[in-house]
Amino acid sequence: MQENDSVTTGMSDFSELEVQDIPEVLPMMAVRDVVVFNYMIIPLFVGRPASVGAVQDALSKDKLLFLVTQKDAAHDEPTPDDIYKIGMVSVIMRTLKLPDGRLKVLVQALHKAKIKEIVQSDPFFLAHVDVLEEEEIEEISVELEALMRNVREQTEKILSLKGIMSSDLMVILNNIEDPGRLADLVVSNLRLKTNESQLVLETVDSVERLKRVSEFLNKELEVSTVQAKIESEAKEEMGRTQREYYLREQLQALKKELGDIDERSQEIDELRTRFKKTRMPTEVKKEGLKQLKRLDMMHPDASEATIVRTYLDWILDVPWKKSSKDSLDLKVAKEVLDEDHYGLNKVKERILEYLAVRKLNKTSKGPILCFVGPPGVGKTSLGQSIARAMKRKFHRISLGGMRDEAEIRGHRRTYIGAMPGRIIQGLKTVGTNNPVFMMDEIDKVGADYRGDPSSALLEVLDPEQNFEFSDHYLNLPCDLSRVMFITTANMSDTIPAPLLDRMETIRLSGYTLEEKLVIAKRYLLPRQIKENGIHVKHLKLDDKTIERIISHYTREAGLRNLEREIGSICRKVARRIAEGAKGPYTISKRTLSSYLGPPKFLPESETDTIDQPGLATGLAWTEVGGEILYVEISILKGKGSLTLTGQLGDVMKESAKAALSFCRSRIEDLKLSETYFEEVDIHIHVPAGAIPKDGPSAGVTIATALYSALAKKKVRQDIAMTGEITLRGRVLPIGGLKEKALAALRANIKTVIIPEDNKKDLVDIPKDLREKIKFIAVKNMNQILRLAF
């Protein structure tokens with residue numbers, strides 16, 4: 001089986017072997033990308049074991065070898081079904097062993113033959129062949145002579161067009177009188193596809209074979225004629241362009257010698273031409289031409305000349321009226337959004353609404369969206385998908401840590417090194433005035449003596465003002481109303497109220513275990529397999545294993561740690577593959593720890609400890625998603641003091657005091673003495689102690705745990721609660737219900753007590769989550785106490 005770097009063909013007058021002298025069974029070798037014809041001499045580079053075996057077998061006998069072309073050159077180990085049935089009986093003329101272990105074999109084709117039967121397939125092919133003899137043409141008719149002459153003339157034209165005409169080759173063509181031999185010689189020098197060459201080879205009748213070659217020559221002649229015409233036109237155009245360039249350079253040199261030309265004047269003319277061609281508002285063009293006139297009057301070495309020149313370049317580079325065409329096909333946009341992200345239906349619905357409005361009202365302004373959610377839920381990548389769905393350009397800037405107002409508005413031109421702000425720079429980068437512009441980490445914008453960037457953003461993110469946004473550097477109104485601004489934040493509390501008011505907030509709470517499983521299978525696992533250079537067949541992860549990674553190795557609202565853990569598995573598999581192992585590696589729940597180590601989280605381990613009075617489970621919201629909050633209370637002999645530990649904030653301390661007052665008001669229900677609270681110390685602890693905590697939503701949890709400790713009753717293990725408490729025992733609403741519900745689900749808690757006023761928020765919680773968790777709405781602490789014990 002053959003690896004051929006190059007193929008050269010020739011004709012030889014070696015004495016022909018008689019048909020009766022050819023054995024019926026011959027060693028067979030499959031060749032790739034070449035069809036061997038009668039009288040051809042061709043070098044073959046042999047490297048495959050089966051091919052080497054066939055050559056060695058032929059050399060040990062009569063040097064006869066049956067060459068047949070394989071149908072698909074990509075197959076390294078072809079089967080009998082992968083090779084054609086007709087090939088050439090050839091004689092090995094010379095062999096040479098190369099340094100890399102391959103053989104270089106020079107063979108000459110002698111007779112055409114057909115495979116009758118494959119006698120042996122391993123370690124090399126042995127084939128039973130029938131020699132196909134052609135009938136000799138006794139007399140060449142006028143028609144056949146005309147056909148042969150036509151073939152010669154067509155071949156001569158093609159060779160002339162390609163510039164490879166050879167007198168020796170034409171002498172050979174003119175001296176061949178046998179139509180079959182002429183057809184074989186011509187077709188062996190044409191660049192035909194393998195299947196077309198094989199079709200010619202399988203045509204046994206020499207006249208029919210020559211007719212078929214004539215058809216291929218006609219087609220090749222047409223292609224070669226057009227190709228030669230294209231090359232001629234290209235050369236002519238190139239020659240004309242070079243001639244014009246040479247003459248223009250000569251003219252410039254002459255004018256410079258005569259003092260008739262000034263390079264600066266030429267630069268001014270070029271700028272003036274650009275102003276005429278570039279579409280921009282009248283006011284901008286007027287200011288640009290005014291500055292151009294100033295530049296023309298300045299001395300070239302003046303310091304201000306460089307400033308004005310740079311300013312003019314910026315004016316010309318901003319896409320004042322250059323827009324990309326929106327894709328307003330809602331069906332296609334929905335498919336793109338669904339392809340890139342799983343779930344997030346509320347965001348997708350808002351984008352499709354915007355596209356629908358744009359379809360009906362072309363002058364509608366771009367929305368200003370703010371995606372608020374914990375890290376890793378796909379806020380930034382969602383912006384990229386929106387741009388792809390709308391077929392707009394995408395540009396992203398990070399606002400995290402930004403403290404200089406000039407980053408947004410630009411510097412005034414009076415400063416050295418002044419330049420426009422990030423908004424104008426972004427428009428120049430994308431080259432259109434309607435991109436999707438993403439501003440990440442808007443909740444982390446700072447402020448100092450250089451100004452307040454969030455105040456500068458008030459104009460940028462206000463649809464009623466940004467149609468004439470003024471950058472300090474350009475000092476010209478720029479229309480940003482067609483830009484679709486998308487901002488991202490982990491929490492909205494730190495965003496200034498006036499800025500938050502200008503944006504439409506869409507919350508991305510996090511993903512359930514089922515959603516993470518689908519996302520891991522559809523996006524994360526294929527991406528990590530590709531990035532780590534392994535193949536799908538090398539690694540097998542079933543649903544149960546991925547679920548265990550999610551529950552035992554990650555505890556997050558987003559997906560970043562999940563992707564890191566999957567990437568860790570892929571890297572370990574990649575190392576084993578690189579070391580020579582073949583795989584596949586099936587990762588099960590039992591073998592997972594050998595790849596990722598012991599579990600980092602143990603679900604339910606904390607809830608199992610709630611088996612004594614004074615312990616309750618609450619729910620808290622953090623900027624990285626919801627969390628389970630455990631409250632522990634101990635009653636000790638003392639003098640009526642209250643101790644709070646666990647790094648509680650001021651609001652949480654007040655909630656603890658309110659909970660204590662509530663319990664003191666229930667002294668009769670608890671059957672305690674009037675002086676009981678003066679004789680004991682109460683210690684309230686919220687683990688973990690190293691993590692700061694604050695917020696009002698733990699009030700009901702503290703009150704329940706305190707009541708449990710005082711009444712010496714255990715709180716149910718399968719229940720969690722959230723809500724603010726008043727002195728009268730009323731339960732007030734809280735925020736972040738979806739995040740808290742997800743946290744409860746991760747901890748395998750099936751019942752959640754929520755304030756009555758939060759029932760309206762249940763519509764924002766996915767249906768599958770509502771089916772797994774029982775939400776109980778309460779108005780006061782009495783209802784909670786009845787449910788908790």
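In this predicted model, H341 comes out as buried, because its relative accessibility is just 8%, and the cut-off for buried is under 20%. The residue sits in the loop that links α10 (330-340) to α11 (345-360). Its side chain has a polar partner there: the side chain of S381, at 2.9 Å. Leaving aside neighbours within four places in sequence, the contacts of H341 are K348, G378, S381, L382, S385 and Y523. S381 thus turns up both as the polar partner of H341 and in its contact list.

H341 also shows up at a pocket. The second largest pocket has a volume of about 600 Å³, and 26 residues line it. Nearest its centre are H341, G376, V377, G378 and S381. Among these, G378 and S381 are also contacts of H341. As for where the lining comes from, α12 (379-390) gives the largest share, with 5 residues. At least two lining residues each come from α12, α17 and α19 (560-578).

Next comes α10, the helix on the N-terminal side of the H341 loop. Its N-terminal end is capped by D329, which places a side-chain oxygen 3.1 Å from the backbone nitrogen of K331. Buried residues in α10 are A333, V336 and L337. Looking down the helix axis, the buried residues fall within an arc of 95°, so they line one face of α10. The face turned away from that buried side carries K331 and E339, both exposed. K331 therefore has two roles in this description, since its backbone nitrogen faces the capping oxygen of D329 and the residue itself counts as exposed, that is, over 50% relative accessible area. The cover over the buried residues of α10 includes α11 and α12, and α12 is also the helix with the largest share of the pocket lining.

Then there is the nonpolar core. In soluble globular proteins, nonpolar side chains tend to be buried together. Here, the largest nonpolar core holds 51 residues, and F371, I386, M484, L539 and I569 touch the most other members. Helix α17 (residues 513-531) makes the largest contribution to this core, 7 residues; α17 also supplies at least two residues of the pocket lining. M484 gives a closer look at one of these well-connected members. Setting aside neighbours within four places in sequence, M484 is in contact with I351, Y354, P367, L369, I386, M390, R392, P435, V436 and F437. One of those contacts, I386, is itself among the residues that touch the most other core members.

Technical notes:
Residues numbered from 1 in each chain as written. Predicted model: local features only at pLDDT ≥ 70, side-chain atom pairs only at ≥ 80, totals over all residues. Heavy atoms only, no water. Core = buried A, V, L, I, M, F, W, Y, C linked by side-chain atoms within 4.5 Å. Buried < 20%, exposed > 50% of the residue type's maximum accessible area, 1.4 Å probe, protein only. Helix = DSSP H or I, 4+ residues; strand = E, 2+ residues; numbered from the N terminus. Contact = heavy atoms within 4.5 Å. Polar contact = N/O pair within 3.5 Å; in protein donor to acceptor, adjacent residues only side chain to side chain. Arc of directions from axis to C-beta. 1 Å grid on protein atoms, 1.4 Å probe; cavity = no way out; pocket = protein on both sides within 12 Å on 5 of 7 lines; lining within 4 Å. Points joined across faces, edges and corners; volume = space filled by probe spheres on them.
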